[in-house]
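Grab a pencil and work through these short exercises on the model below. Each one comes with a worked solution, so try it yourself before reading on.

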Amino acid sequence: MVKLEEVSLDHVEEEEYSESDSSSVYSSDDDEDDVDNIESILDRIWALQDVIPAKTRKSIADKCSAVYDFGKASTKFLGNSAWVLTTSALLLVLPLMIELEHEQGLIEYEKMQQQSTQMLSQPSGQQQKKQASGIVPPGF
């Protein structure tokens, strides 16, 4: 438990310092001595155990635990959902894209064959006119 000690008013007045002494309060010599006396944050939080009633501490701990459990479950659900969506997309969309690209290649191949059959079936006079006008890319 905490032990309370009464301090007399005379004792406090003796410890007051003048304005000229205030500059010496922030000197580095005093800082070195106070390093050993400084409480850590953990010590201060541990000391709150005596101030906060057990019922309130339990309530705070339960609420923090509930928030932690909810966050953990939400993260796990989101991770599993992301896994399902990405694997489904890979299994369903990737083969579709490959097939569409294959079909596009077949269409281009058929166009090239049609152009080559048209060039072979044209009379030789028309071929000479095309060759005289220069190189024409396919499709023009």
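Helices here are DSSP runs of H or I with at least four residues, strands are runs of E with at least two, and both are numbered from the N terminus. Keep in mind that this is a predicted model.

**Exercise 1. Work out how many helices and strands the protein chain has, and how they follow one another.**

Solution. Start with the count: the protein chain has six helices and zero strands. Next, walk along the sequence, and the pattern reads α-α-α-α-α-α. Now look at the surface: about 13700 Å² is accessible, with 61% of that belonging to carbon and sulfur atoms. Finally, take burial, where the cut-off is under 20% relative accessible area. Of the 140 residues, 0% count as buried.

**Exercise 2. Decide where in the protein chain confidence is lowest and where it is highest.**

Solution. First, get the overall picture: mean pLDDT for the protein chain is 79, and 70% of the residues reach 70 or more. Then go helix by helix. The low point is helix 2 (residues 22-25), with a mean of 48, while the high point is helix 5 (residues 54-121), at 94. Now zoom in on residues 17-25: pLDDT stays under 50 there, and the model has four contacts beyond four places in sequence for this stretch. What to do with that? Where pLDDT is low, don't read the predicted coordinates in detail.

**Exercise 3. Find which side chains meet in a salt bridge, and place them in the structure.**

Solution. There's one salt bridge in the structure. The partners are D62 and K58, at 3.5 Å from N to O. Why are they about one helical turn apart? Because they sit four residues apart in helix 5. Then check accessibility: D62 is partly exposed at 41%, whereas K58 counts as exposed because its relative accessibility is 52%, and the exposed class begins over 50%.

**Exercise 4. Identify which residues form a nonpolar patch on the surface.**

Solution. The members are I41, I45, L48 and V51, and together they offer about 420 Å² of accessible area. Take I41 as a test case: I41 belongs to helix 4 (residues 41-51). With a relative accessibility of 65%, I41 counts as exposed.

**Exercise 5. Place M112, say whether it is buried or exposed, and give its C-alpha separation from G139.**

Solution. M112 lies in helix 5. Its relative accessible area is 55%, so M112 is exposed. Lastly, M112 and G139 are 27 residues apart along the chain, and their C-alpha atoms are separated by 9.3 Å.

How values were computed
Residues are numbered from 1 along each chain as its sequence is written. This is a predicted model: local features need pLDDT of at least 70, side-chain atom pairs count only at pLDDT 80 or more; totals for chains, interfaces and linings use all residues. Side-chain values use heavy atoms; hydrogens and water are left out. Patches are made of residues with over 30% relative accessible area and no salt bridge: like charges are joined within 9 Å, nonpolar side chains (Val, Leu, Ile, Met, Phe, Trp, Tyr) within 5 Å. Accessible areas come from the Shrake-Rupley method with a 1.4 Å probe; for residues, only the protein chains shown count as cover. A salt bridge is a side-chain nitrogen of Lys or Arg within 4 Å of a carboxyl oxygen of Asp or Glu. Buried means under 20% relative accessible area, exposed over 50%, partly exposed in between (1.4 Å probe, protein chains only). pLDDT is the predictor's confidence in each residue, from 0 to 100. Contact means heavy atoms within 4.5 Å.
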